[in-house]
Amino acid sequence: MEELQNAVKDGGLAVSNLPEKGRCLLTTKNFYPGEVILRQEPYVCVPNNTVSRCDGCFASESLKKCSACQVVWYCGSTCQKSEWKLHRLECIALSRLEKEKRKAVTPSIRLMVRLYLRRKLQNEMFIPASVTDSCNFVEALVSHLKDLDEKQLVLYAQMASLVHLILQWPEINLKEIAENFSKLACNAHTICDCELRPLGTGLYPIVSIINHSCLPNAVLIFEGKSSVVRAVEHIPEGAEVSIAYIDIAGSTMTRQKTLKEQYFFTCTCPRCIKAGQYNDIQESAILEGYRCKDDGCNGFLLRDSDDKGFICQTCGLLRSKEEVKRIVSEITAISDKELKYKSPGNHDEAISQYKMIEKLQMELCHPFSISLMRTREEILKILMEVGDWREALAYCRLTIPGYQRVYPELHPLLGLQYYTCGKIEWN
């Protein structure tokens, strides 16, 4: 711990063990909005496989496949040389596999293989290691293996078998590999471009120390493969740095459920400890509940004590359960049809279906409803694909008030939506 403290303190940070939170990152100086708190290169990373990408820089153009393993791509000799120490061993291991088995090597499998190969190279001192960039740090990460259900354990066991087959190292056992998969699931981060589109996955040991908050004072973004943590508000000296592990748009119940399922903890941030209080109930009803039947009223609805329906908290008007169930059923039916018959080239049909959903949601949901905002985002995406810029601009503008409500002023997602508006207007 002392070595780790010394490694990060010069950057205005300190690693601490708090009784209620465990290991966390504290500031030793003031940080201001937009200021970089932490920058770190990945311990290991891999591009995703939705599009072929260079292993060195994640570029998707002018690529050439590694002639030996036929799995990895490079954009040129510079990236190939920068990755060679690690890929040399990876290439030998992958080349031993039958051609059909190589197709089963997913980014998650590659990330695990590279994790073990990097540990080997550092132990043998072929590549340098530091306190913040060593296998010891990775081994200290929490796995939550005991919290996994049987289905997930079986999946990790199957993945571990493939890793074992690729490496062919008798000194590592399947249980250890499976536990490391569980560690990666809770600690690895999705690497995104400047428009927050996913490019790959990376493990950043110091970033993994930062705890979650549904009201974070910092955000994690990426510049190339480098992780960058920036302040989104003034963080005073001695305060804990926090980021959001999940999308913070949603009710407290939805956020808590997602965090419990994915990260196995119950959040006690300033936003979550208000669960059950009037303001939290109001916010949840606005984001995920129903609207008043009176078009002139902007009130939110709560279930009435007799369970006959939902009562507007502003004007007292009742909305029956039967009416709500009918509209929800119509939305579900159209959504299921859209998913079942979704065709990449049939944009007109897709827009028509989403607009029908939007119309029903406008009848049922509060104007700041998350589901209504997501439907409009889908319509916006399709309109941009077909180049209908005027209507796309109108829909992008409709999403802005929702974004302003659910994200902090300096949040990247809100900034990206403003940027999208500007880009559409330029078009």
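**Exercise 1. Find how many bridges join strand β14 to β15, and place the pair in its sheet.**

Step 1. Strand β14 covers residues 309-312 and runs antiparallel to β15, with three bridges between the two. Strands here are DSSP runs of E with at least two residues, and helices are runs of H or I with at least four, both numbered from the N terminus. Two strands count as paired if DSSP finds at least two bridges between them. This is a predicted model, in which local features need pLDDT of at least 70 and side-chain atom pairs count only at pLDDT 80 or more, while totals for chains, interfaces and linings use all residues. Residues are numbered from 1 along each chain as its sequence is written, and side-chain values use heavy atoms, with hydrogens and water left out.

Step 2. For a residue-level check, look at G309: its bridge partner in β15 is S320.

Step 3. Now widen the view to the open sheet of three strands, ordered β13-β14-β15 with antiparallel pairing. β13 (301-303) and β15 (318-320) each have a single partner strand and stand at the edges, so one side of each lacks a neighbour in the sheet. From one strand to the next, the twist averages 30°.

**Exercise 2. Work out which strands are the edge strands of the sheet β3-β11-β10.**

Step 1. Start with the order: β3-β11-β10 is an open sheet of three strands with antiparallel pairing.

Step 2. β3 (36-40) and β10 (218-223) each pair on one side only, which identifies them as the edge strands. The twist in this sheet averages 20° from one strand to the next.

Step 3. Follow β10 to its partner: six bridges join β10 to the antiparallel strand β11 (residues 226-231). Within β11, S226 stands opposite E223.

**Exercise 3. Describe how helix α4 packs against helix α6.**

Step 1. A handy reminder: two packed helices are described by the angle between their axes and the distance between the axes.

Step 2. For α4 (residues 107-123) and α6 (residues 150-167), the angle is about 50° and the axes are 10 Å apart. Axes are lines fitted to C-alpha atoms, for helices over the stretch in contact, and angles run from 0 to 180 degrees between N-to-C directions.

Step 3. That angle makes α4 oblique to α6. Under 35 degrees would count as roughly parallel, over 145 as roughly antiparallel and 65 to 115 as roughly perpendicular, with the rest oblique.

Step 4. List the contact, meaning heavy atoms within 4.5 Å: α4 brings S108, I109, M112, V113, Y116 and L117, while α6 brings M159, L162, V163, I166 and L167.

**Exercise 4. Compare the settings of F58 and Q70: is each buried or partly exposed?**

Step 1. F58 sits in the loop between β4 (44-47) and β5 (64-65), and its phi is near 70°, a positive value in a residue other than glycine.

Step 2. Q70 lies in the loop between β5 and β6 (73-74); its phi is also positive, about 60°, although it is not a glycine.

Step 3. F58 is buried, with a relative accessible area of 3%, whereas Q70 is partly exposed at 42%. Buried means under 20% relative accessible area, exposed over 50%, and partly exposed in between (1.4 Å probe, protein chains only).

**Exercise 5. Which residues does M362 touch, not counting those up to four places away in sequence?**

Step 1. Locate M362 in helix α11 (residues 347-364).

Step 2. M362 touches R291, L372 and R376, and is partly exposed, with a relative accessible area of 39%.
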